[in-house]
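Please open the structure in your viewer and keep the selection tool at hand. The tour below goes from stop to stop, saying what to select and what is to be found there.

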Amino acid sequence: MKNIKNTLLFLYALFASQQLLAQKEIVVAQDGSGNFKTIQEAINSLPAEDNKTQRIISIKKGIYNEKLFIEKNFITLRGENPENTVITISQAREEWRCSNKDDYGTAAINLQGSDITLENLSFINSYGKDAKEDKEIVCPKEGGNTKVIKPGGHQMALRSFKSTRLIVINCIFRAYGGDTVSPWNTWEGMYYFKDCVMEGGVDFYCPRGWALAENCTFICHNNNAAIWHDGSDVKTSKTVLLNCSFTGDDGFKLGRYHKDAQFYLLNCNFSKNMADAEIYLVPAKDAKDTLKWGKRVYYYNCKRSGKDFGWYKNNLPADFGINEFNVAWVYDYKWNPVKSETKTIETIAASKEVNGDPVADNMLLYQRKNGGWPKHFQGDRKVDYKRVLSADELKELQSGYDAGIDATIDNEATTKEIKYLVKAYKTYRNEAYLKAATKGIDYLLKAQYANGGWPQFYPDFSSYRSQITYNDNAMINVVTVLEDIVAGKNDFDVIDRAYVAKCNDAIKKAIDCVLKTQVIQNGKLTVWCAQYNAKTLVPEMARKFELASLSGSESVAIVRFLMRQPNPSKEIIAAVTSAVEWFKKVKITGYAVKDVPEPQEASGKDRVLVKDSNSVIWARFYNLDTNEPIFVGRDSQPKKTLAEIENERRVGYAYYVTNPAKLINEEYPKWAAEKVNKVKSK
């Protein structure tokens, strides 16, 4: 009977175990509503063999006063929220070591297994908070001698040993002494922390091997060092901190190392009260700890609240470009904890997954060293900020970074990016966005000529790129950004107000340039050309189909710019009024532009002028002397009709426009009533 009973119990236990394994998740709940009441029981229930598939233990909210040990592989501990799902102990490392051979057991969570994932949990070692004063204990491992345990000594929230792969997402690690987070395996350890908070005393984040902390917050309560690394066994091992923030007690130091280490701090932010002390080497006490590979502490795009310190200026290794960064690189391409990610440093820095904007992030990738942006990449291919580049394309893009010869204001390049980045900064508070936008503004201010105009490209002055360029509203796009900075509107209130005076000066010079370049016919002001010689201010030809001519399109934006001036001078009023009169004079009534199918053409269509009694249009180009519309193809010969130029240009370029209509019919009358009459009344 006894044997039968034992057999039945065994079969029941086996059945229960199989049922648990068949479930997608094992649930831990302190109120008994899950499979287990403690996390360790759930861990123990899993088979020890190497499963090769992730086993998920879902942990309901609660304060779990238990120390966790994981010696098995492929286990995920997933809490509800790190604020309410807490694993906590109170254990001084020095006291534990008095009775135990090693650190296995000194932390809130102790890891021997690999392929472990921790999500939405807090791991707290509260010893430093609980112990109000030094404690003297008998230490068996030291021959029964007494030992003093200090509240601020080493105490660990996480400690790993031979673990090779660890992923930690949205977790809090808190202790009140040193070595809070200690993932240690100098030969094979690879660790990925994302969206975590780590808090402690000296060296409280101290990985050995390969580690990436992304979008994490570090809070330091010791003036020796916050972070530490040991990369002494393998030359390529490294600790990388991306988009991380550092704060703590006044005068806290950023980091240190005792032996060979390699630090990369990328897009990191430091609080104002951080000490002016770079990550430093603690002199070796043992000859074996003498550095084999020298100092390897690298920074990129880091910023401090308040004045920056010089020691964390950009200093990446000469053979490593920032655009070569990707997650797999951190681990020497042996592991990628975010395999779906094929993005570079900047797309990671601003992806929505890390509280950012992927488009804004790619803008950071394309920005040149001089602060400007290109409009094309790889020949005439338009820049696409939603496209992920291959490794070869990234290298090609990076190759033009230093020279920045392709930086331009044409086709809204640079101004478009600046406007997008300030908006993204207000949404995501990613300091890299604001820094890039500010750098772009510096580029605009530097590119302005002394006479107030802007070239189409800077610093490339070849061909027509040096011309003062109104074409496609390039220069007006620039001054519009500057006006928004001065007014603090359209999200530009985030820009340092020190730029207001600089922008005001640039706008005044631009107004002077605009007034000087308005074309005069027989003593009468008309409108503007698309481009001018930068020195003589004489109208000039740009591309073969863009002859020196009066512009029926770009002149509209110029007039609007002048009309925006708060206290227009008599010169501005005359310029605006004359331009509007010219628009009225040269308008074309009774015709409209229409696209029609044309199978015989390579484009498959044609563009023609048709009668339309309700339509009013303007030509894009007018003869400088006669005001007659002109149409120019790639042969650079002006024609009198659109039909006379080649189909490729007819359908590929706007030779007729309608934008003056709103200006002369709505905007100008309102402006004249408000501004001109006031001036007259004076």
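Begin by selecting Cys244 and Cys216: the sulfur of Cys244 has its closest cysteine sulfur in Cys216, at 4.8 Å, which is too far for a bond, since a disulfide is taken here as a pair of cysteine sulfur atoms within 2.5 Å. Cys244 is also buried, with a relative accessible area of 0%, where buried stands for under 20% relative accessible area, exposed for over 50% and partly exposed for what lies in between, with a 1.4 Å probe and protein chains only.

Before moving on, please note that this is a predicted model, in which local features need pLDDT of at least 70 and side-chain atom pairs count only at pLDDT 80 or more, while totals for chains, interfaces and linings use all residues. Residues are numbered from 1 along each chain as its sequence is written, and side-chain values use heavy atoms, with hydrogens and water left out.

**More cysteines**

Next select Cys529, whose sulfur is 12 Å from the closest cysteine sulfur, that of Cys513, and therefore too far for a bond. Cys529 is buried as well, at a relative accessible area of 1%.

Where, then, is a disulfide formed? Select Cys98 and Cys139, whose sulfur atoms are 2.2 Å apart and form a disulfide; a search of the whole structure finds one such link. A disulfide is a covalent bond between the sulfur atoms of two cysteines. The link of Cys98 and Cys139 is left-handed, with -105° about the S-S bond. It joins distant parts of the chain, 41 residues apart, with Cys98 in the loop between α3 (93–97) and β7 (107–111) and Cys139 in strand β10 (residues 135–139); helices (H or I, at least four residues) and strands (E, at least two) are DSSP runs, numbered from the N terminus. Both Cys98 and Cys139 are buried.

**Rings in the loops**

Stay with the loop between α3 and β7 and select Tyr104, then add Phe161, which lies in the loop between β12 (156–160) and β13, 57 residues apart from Tyr104. By the rule used here, rings of Phe, Tyr and Trp (its six-membered ring) pair if their centres lie within 6.5 Å, and planes under 30 degrees apart count as stacked, over 60 as edge-to-face and the rest as tilted. The count by this rule comes to 37 aromatic pairs. Tyr104 and Phe161 form an edge-to-face pair, 5.3 Å centre to centre and with 85° between the planes. Tyr104 is buried at a relative accessible area of 15%, and Phe161 counts as buried at 14%. Add Arg159 to the view, whose charged end sits over the ring of Phe161, 3.9 Å from its centre; for this, NZ of Lys or CZ of Arg must be within 6 Å of the ring centre and within 35 degrees of the ring normal.

**The open sheet**

Now select the strands in the order β1-β2-β5-β8-β13-β16-β18-β21-β24-β27, which make up an open sheet of 10 strands with parallel pairing; two strands pair if DSSP finds at least two bridges between them. The edges are β1 (25–28) and β27 (297–300), each with a single partner strand, so one side of each is left without a neighbour in the sheet.

Within the sheet, zoom in on strand β13 (residues 165–169) and strand β16 (residues 190–194), which pair in the parallel sense over five bridges. Leu166 has Tyr191 in β16 as its bridge partner.

Move on to strand β24 (residues 263–266), where Phe263 and Leu265 on one side and Tyr264 and Leu266 on the other are all buried, so that both faces are covered. Strand β21 (residues 239–242) runs parallel to β24 and is joined to it by four bridges, with Leu242 standing opposite Leu266. Four bridges also join β24 to β27, again parallel, and there Phe263 has Val297 as its bridge partner.

**Around Val657**

The last stop is Val657, found in strand β39 (residues 656–657) and buried with a relative accessible area of 10%. Contact is taken as heavy atoms within 4.5 Å, and, leaving aside neighbours within four places in sequence, Val657 is in contact with Gly552, Ser553, Ile617, Trp618, Ala619 and Arg620. To see how far this stop is from another part of the chain, select Ser232 too: the C-alpha atoms of Val657 and Ser232 are separated by 68 Å, and the two residues are 425 residues apart along the chain.
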